[in-house]
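Dear colleague,

I am handing over the structure below, and after it I set out what was found in it. Please read the notes with the coordinates open beside them.

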Amino acid sequence: MVELLKIGIVFFIILILTFRKVKLWISLLAGTFLLGFLFHLPLHTIVKDLFTSVIDSKTLLLIGALVTILFFSNLLKETGRMNAIIEGFGHVFKDIRVVIALLPSMIGLIPIIGGALISAPMVVEGSDELKLSPERRTFINYWFRHIWEYILPTFPALILAAALIGIPIRRLIWINLPLTLTAIASGIAVGFWGVSKSTRVKNYPDDPSIWKLTKNLLPLCFGLVLVVGFKVELTYAFGLTILGMILFYRIEGRVVWRGFKQSVVLELLLTVIIVMGFKKVLESSQAISAVSATLSSSGIPRWLIAMLIPLLVGIMAGLTIAPIAISFPILIPFFQNDPHFLSYMVLAFASGISGNLLSPFHLCLILTKDYFRADLKGVYRFIWMPTASILMVALLMTFLW
C-alpha cells in the first residue's frame, strides 16, 4: 500500500497546484520530480528522462501535429469556411446544440492523439450564440470526442482488449454498446442541462445545400483521409492540406502568417512536453506495476479489483490503450477460471476508459482546457457525473450477468 500512497500524494499535489491556478505545465513538472524522488530515482535519471522525452520522435511529431492542426483551424476561420461549416450544419439540424455535439463526435471517429483540438475552434464558432461557459464548452468538445471508444474497431484499445480476452471484436462491440449509449445520453444531459434550444438561423442563404456544406468540409476530409486511409502522419497530412488550401483558395500571405503566429502557443507546447516527460518518469519508476500488484494481493472484492486497477492505471497514464495493455495481463490470470470472466473484463475495460477520461494527463483534456481557457476544477464538475454513469452501467451489467 506504500506505493499506492506515494502515487496518491503525487496526484494530490498536482491537482492542488492546478486548482490554485498554477500553470499546468509547472504543476506537472513539480509532480514529475516528486514522483521520481518518492520512487527513489536519482536526479540525473529524472532529468535524463525529461530530456529524452523532449527529443523523442513521438514528442516532436505530436508537437508538429498540434501546431499544424491549430494552423489548419486558423486558416479555416480566417477564410470564413469554419463559419460556413457551422451554418451548414445549423441549417440541416435546426438546433445549434446538435451541431456542437456532432462536430467533436465526427472527429472522434478517427483515433488521433489530441484530436479534440481539431473540433475545438468549430465548437467556439458554433456555441457563441448559446453563450456557454469555457468549462461547459471544454466538456462538450472533450466528452463527445470520446463517445466511440467502447465500440469503434479503429481504436487500438478495443482491438487489444478483444485479443487479450479471446473473443471476436464484433462480440465485444455488441457487449459494449450500452456504454456508448450511456456516454451519449449522459453527455447530452450534463452538457446541455439548462441550455435552451437555439432555432435562430443566422441569415442562412436560400441554398445552403448539402453540396455547399460538403465543399467547405473538403479540406478537413482530405486531411483525415490521408491520416486514416493512407496512414500518413498527421503533421504531414495536414501540412499538405494547408499547402493545398493556400494554393487552391489563393490565401493572402498576411493571412497565412497571422494564422501561423496564432498557432504557436508556447504554454501549450510546454504542457505537452512535460506530459510526455511525466509519462517517461512514470515508466522508469515502475509505479503502475507496483500499484497493480499491491491491489491484486489485497483481498478486496473481485469486482472492485476489476474496476480499481484499470481505473487507476487510466488516471495515471492518460492514454486510452495504457489501462488495457498494463492491467489486462494482470487481471486475466486472476479471473481466468471465474465463470463471470467476461463480465469482469468488460467492467475492467469500462473502468480503464473512465480512468483515462478523468486523467489530468489526458492530452485531449489538457489541450481543450487550454484552448478554451477553462478552469480545470470547473471542467471536472461536468466530467464526473457522466463518467460515474458509465461505471454504474458497467457495474450493473456485471451483476446482471
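Helix α8 and helix α20, the latter covering residues 376–400, pack at an angle of about 35 degrees, with 7 Å between their axes, and their crossing is right-handed. Please keep in mind throughout that this is a predicted model. On the α8 side the contact is made by Glu135, Arg136, Thr138, Phe139, Tyr142 and Trp143, which meet Gly378, Val379, Phe382, Ile383, Pro386, Thr387 and Ile390 in α20. Sorted by class, the residues of this contact comprise 8 nonpolar, 3 polar and 2 charged.

Helix α8 (residues 134–145) also packs against helix α10 (residues 169–191), where the axes come within 10 Å and cross at roughly 170 degrees. Because angles over 145 degrees count as roughly antiparallel, α8 is described as roughly antiparallel to α10. From α8 this contact draws on Arg136, Phe139, Ile140, Trp143 and Phe144, while α10 contributes Ala183, Ile184, Ser186, Gly187, Ile188, Val190 and Gly191. Its residues divide into 8 nonpolar, 3 polar and 1 charged. Reading the two contacts together, Arg136, Phe139 and Trp143 of α8 appear in the contact with α20 and also in the contact with α10.

A further helix pair lies earlier in the chain, formed by α2 (residues 24–38) and α3 (residues 43–55), whose axes come within 9 Å and cross at roughly 140 degrees. The two helices are therefore oblique to each other, and α2 passes α3 in a right-handed crossing. Here Leu29, Thr32, Phe33, Gly36 and Phe37 in α2 meet Leu43, Ile46, Val47 and Leu50 in α3. This contact has 7 nonpolar and 2 polar residues, and no charged ones.

Turning from helix packing to empty space, which residues lie nearest the centre of the second largest pocket? They are Lys369, Asp370, Tyr371, Phe372 and Arg373, out of a lining of 23 residues, and the pocket itself has a volume of about 640 Å³. At least two lining residues come from each of α4 (57–78), α7 (116–127), α14 (266–285) and α19 (363–372), and α19 gives the most, with 5 residues. By class, the lining of this pocket is made up of 12 nonpolar, 3 polar and 8 charged residues.

With best regards

Key:
Residues numbered from 1 in each chain as written. Predicted model: local features only at pLDDT ≥ 70, side-chain atom pairs only at ≥ 80, totals over all residues. Heavy atoms only, no water. Axes fitted to C-alpha atoms, helices over the stretch in contact; angles between N-to-C directions. Helix = DSSP H or I, 4+ residues; strand = E, 2+ residues; numbered from the N terminus. Parallel < 35°, antiparallel > 145°, perpendicular 65-115°, else oblique. Left-handed = near helix turned anticlockwise from the far one by under 90°. Contact = heavy atoms within 4.5 Å. Nonpolar A, V, L, I, M, F, W, Y, C, P; charged D, E, K, R; others polar. 1 Å grid on protein atoms, 1.4 Å probe; cavity = no way out; pocket = protein on both sides within 12 Å on 5 of 7 lines; lining within 4 Å. Points joined across faces, edges and corners; volume = space filled by probe spheres on them.
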